[in-house]
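Hi,

Here is the structure I promised to pass on. Have a look at it first, and then read on for what turned up.

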Amino acid sequence: MKMAMEGRDERQGPTVEEVRVCQFHVWYPKFGPKHAGKVVTLDLAGDFVEYLKEDGISVPDDSRVFGRRDSTSSSSSSSAGDDEAEESDGEKEEEGGTQDNKLSGFGDLVTRIDQAICEFEGSVMPKLNWSCPKDATWINPLSSLRCENAEEVILMLKASDRVLSDVLHAFANCSDYDPEASVRACQQVLNLKKWYDFDRRRELRCFVVKGRLIGVSQRYLSEDTSDLAADKDEIMEKVNAFFAEVVTERLDSLSSYAFDIHISRKERITILDVNPYGEPTSSLLFSWEELLENSGESDAELRLCKPEDSKRAVSEKAIYGFPVDFNRLEELKNLDINS
């Protein structure tokens, strides 16, 4: 199956099969914990997947995410105010009761998630087949992807549009996707990655075109990587060796793709993700056309942000640190309601 997709035109975007190969639980076993960290993968039942598709987010009173609701009331409240509050609470219970009941039906999943978290020393990062819920960090008490109990994991999955896109539109950008034809459904899985405090400045995205490593980019463009600039040659030597000795043979069914890595100060490389070549994967400090043009015999180039550019870049926290509706408020302010 080696280089089975070598003949395709990269300008047309990834194929359905390439996207399937890039599912985390498909590529991870080829690397294992030695090269990709510790992970527990859980199959998700159909009823839980349907729950993720439903609108609305409800947090039970006894949830471990935010703690129990304070049931005490102000002694200065009038009886009329109390009646109104009770009526309002009753309406909220009626609206949220259905979701609370559904959550209680996922007890086995909650148990398995908690077991994995316990196994991984108290914290994990959740990820579905392709995406992590980084657009839902605004709802996490830690304001990050780090989850310390099952309720936090489920809440982040439920609040994430990226996760919903995995479920509903995984193949929408594929060059050979036909919405009228039946596409073999994917088993939705939950990957619980042991939480590692990686230095975001040392995370890189590597681009492969027709089996050759062409370019390497800083992954988080708002991070100042000026201290890495002096070590660019040494870093590229390590990345080239990792690609040749570890990655190539394990991803030999792909011709063009991108893979994300972290390189520690002790020069240990961990592979974090494998992405299809082309949109919606971000090309970061390159353009897709540029990468194709450079796919000859030249050596791969490492690109890092200049300090002044990283200061101007928009951080993920600025994008995902608030509900998406908050980020659209500025657009709404500029709407002409008479148009």
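**The five-stranded sheet**

Five strands make up an open sheet with mixed pairing, and their order is β7-β6-β4-β5-β8. The edges are taken by β7 (269–276) and β8 (301–303); each has a single partner strand, so one side of each is left without a neighbour in the sheet. On average, neighbouring strands here are turned by 25° against each other, direction ignored. Before you read too much into any of this, keep in mind that it is a predicted model.

At the β8 edge, the pairing with β5 (residues 212–218) is parallel and runs over three bridges. If you want a spot to zoom in on, V216 has L302 in β8 as its bridge partner.

There is also a helix to look at here. α8 (residues 232–250) lies across β4 (203–209), β5, β6 (257–263), β7 and β8. Its direction is at about 120° to that of β6.

**Around β3**

The other region I'd open up is β3 (189–194). How many of its six residues are buried? Six of the six are, so to speak: β3 is mostly covered. Going face by face, V189, N191 and K193 are buried on one side, while L190, L192 and K194 are buried on the other. Yes, that list includes K193 and K194, both counted as buried.

β3 has pairing partners too. Strand β1 (residues 39–43) pairs with β3 in the antiparallel sense, over five bridges, and there L42 stands opposite L190. Strand β2 (residues 124–127) also runs antiparallel to β3, joined to it by four bridges. In that pairing, V124 stands opposite K194.

Just ahead of the strand is Q188, in the loop between α7 (161–169) and β3. Is Q188 buried or exposed? It counts as buried because its relative accessibility is 9%, which is under the 20% cut-off. Leaving aside neighbours within four places in sequence, the contacts of Q188 are D43, L44, V49, L128, N129, D166 and V167.

**Helix α3**

One of those Q188 contacts, V49, belongs to α3 (residues 46–53), where F48, V49, Y51 and L52 are buried. Why do these four end up on the same side of α3? They cover an arc of only 155° around the axis, which puts them there. The general background is that an α-helix has 3.6 residues a turn, so residues three or four places apart point the same way.

**Cysteines**

A search of the whole structure for disulfides comes back with zero. Two cysteines to know about are C147, which counts as buried at 0% relative accessibility, and C206, also buried, with a relative accessible area of 0%.

**The whole protein**

Some overall numbers, in case you want them for your setup:

- The protein has 13 helices and eight strands.
- Of its 339 residues, 44% are buried.
- The accessible surface comes to about 18,500 Å², and carbon and sulfur atoms account for 47% of that.
- Taking contacts between residues at least 6 apart in sequence, 74% join residues at least 24 apart.

That's the lot from my side.

Cheers

Definitions and conventions
Residues numbered from 1 in each chain as written. Predicted model: local features only at pLDDT ≥ 70, side-chain atom pairs only at ≥ 80, totals over all residues. Heavy atoms only, no water. Buried < 20%, exposed > 50% of the residue type's maximum accessible area, 1.4 Å probe, protein only. Helix = DSSP H or I, 4+ residues; strand = E, 2+ residues; numbered from the N terminus. Arc of directions from axis to C-beta. Disulfide = S-S within 2.5 Å. Pairing = 2+ DSSP bridges. Axes fitted to C-alpha atoms, helices over the stretch in contact; angles between N-to-C directions. Contact = heavy atoms within 4.5 Å. Areas by Shrake-Rupley, 256 points an atom, 1.4 Å probe, with all protein chains shown as cover.
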